[in-house]
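Trainee: Please take me through one part of this model in detail. I would like to see how a single helix sits in the rest of the chain.

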Amino acid sequence: MSTKPDRYVGIDHDINGGMTTIGKIIRDAWVFDLIPETETCANWNLAGIDALLQKVNAEWDKYGCLVSRLPPELAARHQQIHDAAIAKARAAGWSGEHETDDED
């Protein structure tokens with residue numbers, strides 16, 4: 001019987017080059033400056049990730065959950081962070097068709 005880890009490995013060690021649900025939460029937290037971009041969330045427990053998700057969702061709610069409604073500086077930051085993450089993940093072999101169907 002395998003048990004699920006109770007600690008997150010960190011976005012830099014996550015599967016699919018960090019292109020996971022938790023990875024997206026962390027990248028969005030970087031966009032909104034909720035945590036520094038140096039924070040990978042390694043060793044965070046699920047409650048910590050969930051608390052971060054609540055903060056990220058509160059920020060997205062201000063903009064109707066749409067990138068197109070972000071102010072220019074946040075939109076540019078979002079594009080920079082997410083484009084870099086996608087490029088890194090693709091270089092590591094991630095293709096991402098189904099993960100990004102709802103983007104844009």
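Mentor: Here is a close look at the second helix, starting from the whole chain.

The model is predicted: local features need pLDDT of at least 70, side-chain atom pairs count only at pLDDT 80 or more, and totals for chains, interfaces and linings use all residues. Residues are numbered from 1 along each chain as its sequence is written, and side-chain values use heavy atoms, with hydrogens and water left out.

The protein chain has three helices and zero strands. Helices (H or I, at least four residues) and strands (E, at least two) are DSSP runs, numbered from the N terminus. The order is α-α-α. Of the 104 residues, 33% count as buried. Buried means under 20% relative accessible area, exposed over 50%, partly exposed in between (1.4 Å probe, protein chains only).

Now α2. This helix covers residues 46–61, 16 residues in total. From first C-alpha to last it reaches 22 Å, close to the 22 Å expected at 1.5 Å a residue. The expected span is 1.5 Å times one less than the number of residues. At the N-terminal end, Asn45 acts as the cap. A side-chain oxygen of Asn45 lies 3.2 Å from the backbone nitrogen of Ala47. That is a polar contact (a pair of N or O atoms within 3.5 Å; within protein, one must be able to donate a hydrogen and the other to accept it, and residues adjacent in sequence count only if both atoms are side-chain atoms).

Which residues of α2 are buried? They are Ile49, Leu52, Val56, Glu59 and Trp60. Seen down the axis of α2, these fall within an arc of 95°, so they line one face of the helix. The arc is that of the directions from the helix axis to the C-beta atoms. On the other side, Ala47, Lys55 and Asp61 are exposed. The buried residues of α2 pack against α1 (21–31) and α3.

Take Leu52. Leaving aside neighbours within four places in sequence, Leu52 is in contact (heavy atoms within 4.5 Å) with Ile25, Ile26, Ala29, Leu34, Ile35, Cys41 and Trp44.

Leu52 also belongs to the largest nonpolar core, which has 18 residues. A nonpolar core is a set of buried Ala, Val, Leu, Ile, Met, Phe, Trp, Tyr and Cys residues joined through side-chain atoms within 4.5 Å. Those with the most contacts inside this core are Ile26, Ile35, Cys41 and Leu52. α1, α2 and α3 each supply at least two of its residues. The largest share, five residues, comes from α1.
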